[in-house]
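The exercises below are meant to be worked through with the sequence and the coordinates side by side. Try each task before reading the solution that follows it.

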Amino acid sequence: TWKDLPSVLLYGCTCNFSADLSKLGGLEFDPVFRRPGFEDIELCWRARKELKVLTRYCEGARVYHEYDRGLVGLYKQFWKYGNTEPIMAYLHPDFSFQDSRPVVAGFHDPRLQAMRNSVP
């Protein structure tokens with residue numbers, strides 16, 4: 001959260017982080033995220049909330065992330081995140097970036113339909 005120590009992060013940006021698997025146990029990416037975007041944030045958020053595992057900043061670590069360039073690339077990036085942020089907001093209503101209000105309109109959890117279909 002925004003009250004954390006300076007060395008604590010909300011999540012591992014673009015999922016570039018090292019994890020002690022003994023601390024994460026069986027925690028995995030949620031398969032409801034079928035495309036990239038917020039899957040890294042959601043995993044780190046669950047690790048924080050369920051297991052009390054914090055994501056920390058490492059001074060010497062370097063990540064190089066290549067994005068699509070130009071206006072088309074920018075549009076693709078925002079489209080991707082615009083389609084996955086509602087999933088995050090639906091799964092974790094307590095999560096926000098500096099108390100922003102996420103939009104969940106139009107998102108229907110596909111797992112609910114699978115559960116409905118499995119009931120005789």
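**Exercise 1. Characterise the contact between the side chains of E42 and R46, and decide whether each residue is buried or exposed.**

Solution. Begin with the pair itself: the side chains of E42 and R46 form a salt bridge, with a nitrogen-to-oxygen distance of 2.7 Å. This is a predicted model, and the distance is therefore a computed value that falls within the 4 Å cut-off for a salt bridge. Next, place the two residues along the chain: both belong to helix 2 and stand 4 residues apart, which is about one turn of the helix. Then turn to accessibility, where buried means under 20% relative accessible area. E42 has 1% relative accessibility and so counts as buried, and R46, at 12%, is buried because of its value as well. Finally, the structure holds 1 salt bridge.

**Exercise 2. Find which residues make up the largest nonpolar core, and which helices each supply at least two residues of this core.**

Solution. The core has 8 residues in all, namely V32, F33, F38, I41, W45, I87, M88 and F95. Two helices, helix 2 (39–51) and helix 3, each contribute at least two residues to this core. As background, nonpolar side chains in soluble globular proteins tend to be buried together.

**Exercise 3. Compare the settings of T84 and L74 in helix 3.**

Solution. Helix 3 spans residues 70–91 and includes L74, and T84 is found in helix 3 too. Take T84 to begin with: its relative accessible area is 1%, and T84 is therefore buried. Leaving aside residues up to four places away in sequence, T84 touches F33, R35, P36, G37 and F38, and among these, F33 and F38 are also members of the largest nonpolar core. Now take L74, which has 44% relative accessibility and so counts as partly exposed. Together with L71 and F78, L74 makes a nonpolar surface patch of about 380 Å².

**Exercise 4. Describe the protein as a whole: the order of its elements, its burial and its contacts.**

Solution. Count the elements to start: there are 4 helices and 2 strands, arranged from the N terminus on as β-α-α-β-α-α. For burial, 27% of the 120 residues are buried, while the protein exposes about 9200 Å², of which carbon and sulfur atoms supply 57%. For contacts, consider those between residues at least 6 apart in sequence: 67% of them join residues at least 24 apart.

Key: Residues numbered from 1 in each chain as written. Predicted model: local features only at pLDDT ≥ 70, side-chain atom pairs only at ≥ 80, totals over all residues. Heavy atoms only, no water. Patch = residues over 30% accessible without salt bridge, like charges linked within 9 Å, V, L, I, M, F, W, Y side chains within 5 Å. Areas by Shrake-Rupley, 256 points an atom, 1.4 Å probe, with all protein chains shown as cover. Buried < 20%, exposed > 50% of the residue type's maximum accessible area, 1.4 Å probe, protein only. Core = buried A, V, L, I, M, F, W, Y, C linked by side-chain atoms within 4.5 Å. Contact = heavy atoms within 4.5 Å.
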